[in-house]
Amino acid sequence: MANILVVDDELGIRDLLSEILNDEGHSVDLAENATRARAARAAQNYDLVLLDIWMPDTDGVSLLKEWASAGLLTMPVIMMSGHATIDTAVEATRIGAYSFLEKPITLQKLLKAVEQGLARHASQPPVPAAPPAAAPLGSVAAKGGESLTVPAIATMAANAVASVHAAGVGTTSNSADSAAAGSGPQSRQGFDLDRPLREARDGFEKAYFEFHLAREGGSMTRVAEKTGLERTHLYRKLRQLGVDLGRGKRG
């Protein structure tokens, strides 16, 4: 459906995002640093880029600025970070970033941001241009000529930071609680099939991992063996889904 470049120095995140986006039918290229990202962007055009901010060689904001200066910012770029500040969000938006995702990234937020970015790219293809001029005091220029106020960005960043705490180990959703409401790990209520496929799949995966956590007494090693996932990948997956890692031990 779309050609997407994922730039992140963490192997687990690259693999996870690649798996999710490939499942959605997209073609995904991976880059572990800014050097590889530059080479990939020089070799072809992309419909969308997921760009990590903190990387060992060149940070994502600097790379974004390079592309903008060289007229290579012809696609929506979604910034990713687990330690972003308001200033970073303001700067990335001013340069031309389309959106921002706070790590750990939930499946629904990722797919929604990608879908909106691709829709924006299809309807309003960006025109290569020099970095935008300084915006009026109290606002920054967003992509496409829209105006995004600093308070709005501050709210966005604050909500993103809050989402990190909300997506912690002890967080569960109502769907997960209802899925585990039976008399034991073997018991599961029926899923609501009258939902979008992505939401239904998210709910199933959550119940699936909670079942194995309960059956294995919370042992991540045994759950990794049972599910066929590498431990780092498994841990990130559980955090992404908001699975309560203490549920199995308490059970």
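Me: Contact here means heavy atoms within 4.5 Å. With that in mind, which residues does glutamine 108 touch, not counting residues up to four places away in sequence?

Reply: Happy to start there, with the reminder that this is a predicted model. Glutamine 108, which lies in helix α5, touches Glu199 and Asp202 once residues up to four places away in sequence are set aside.

Me: What makes glutamine 108 count as partly exposed?

Reply: Its relative accessibility is 44%. Buried means under 20% and exposed means over 50%, with partly exposed in between, so glutamine 108 falls in the middle class. As for distances, the C-alpha atoms of glutamine 108 and leucine 241 are 9.4 Å apart in space, although the two residues are 133 apart in sequence.

Me: Why is the pair of aspartate 8 and lysine 103 called a salt bridge?

Reply: The rule asks for a side-chain nitrogen of Lys or Arg within 4 Å of a carboxyl oxygen of Asp or Glu. The closest N and O atoms of aspartate 8 and lysine 103 are 2.7 Å apart, so the pair qualifies. Aspartate 8 sits in the loop between β1 and α1, and lysine 103 in the loop between β5 and α5, so this salt bridge ties together parts that are 95 residues apart in sequence.

Me: How do you know whether these two partners, aspartate 8 and lysine 103, are buried or exposed?

Reply: Set each value against the cut-off for buried, under 20% relative accessible area. Aspartate 8 has 0% and lysine 103 has 12%, so both are buried.

Me: What links aspartate 52 to lysine 103?

Reply: Another salt bridge, with 3.1 Å from N to O. Aspartate 52 lies in strand β3 and lysine 103 in the loop between β5 and α5, so this pair ties together parts 51 residues apart in sequence. Aspartate 52 is buried too, as is lysine 103.

Me: Why do arginine 222 and glutamate 216 form a salt bridge by the rule, and how does the burial of arginine 222 compare with that of glutamate 216?

Reply: Their side chains meet at 3.0 Å, N to O, and the limit is 4 Å, so the pair passes. Arginine 222 has a relative accessible area of 40%, which makes it partly exposed, whereas glutamate 216, at 10%, is buried. Elsewhere, shared partners join Asp8, Asp52 and Lys103 into one salt-bridge network. By this rule the count comes to seven salt bridges.

Me: Now the helices. Why are α1 and α10 called oblique to each other?

Reply: Their axes come within 10 Å and cross at roughly 60°. Roughly perpendicular starts at 65 degrees and roughly parallel ends under 35, so α1 and α10 are oblique. The crossing of α1 past α10 is right-handed. In this contact Gly12, Ile13, Leu16, Glu19 and Ile20 of α1 meet His233, Arg236, Lys237 and Gln240 of α10. These residues divide into three nonpolar, three polar and three charged.

Me: What makes α9 and α10 roughly perpendicular?

Reply: The axes of α9 and α10 cross at roughly 95°, and the class runs from 65 to 115 degrees, so they are roughly perpendicular. Met220, Thr221, Val223, Ala224 and Thr227 of α9 meet Arg231, Leu234, Tyr235 and Leu238 of α10. Six of the residues in this contact are nonpolar, two polar and one charged.

Key: Residues are numbered from 1 along each chain as its sequence is written. This is a predicted model: local features need pLDDT of at least 70, side-chain atom pairs count only at pLDDT 80 or more; totals for chains, interfaces and linings use all residues. Side-chain values use heavy atoms; hydrogens and water are left out. Helices (H or I, at least four residues) and strands (E, at least two) are DSSP runs, numbered from the N terminus. Buried means under 20% relative accessible area, exposed over 50%, partly exposed in between (1.4 Å probe, protein chains only). Axes are lines fitted to C-alpha atoms, for helices over the stretch in contact, and angles run from 0 to 180 degrees between N-to-C directions. Angles under 35 degrees count as roughly parallel, over 145 as roughly antiparallel, 65 to 115 as roughly perpendicular and the rest as oblique. A crossing is left-handed if the near helix is turned anticlockwise from the far one by less than a right angle, and right-handed if clockwise. Ala, Val, Leu, Ile, Met, Phe, Trp, Tyr, Cys and Pro count as nonpolar, Asp, Glu, Lys and Arg as charged, and the others, Gly among them, as polar.
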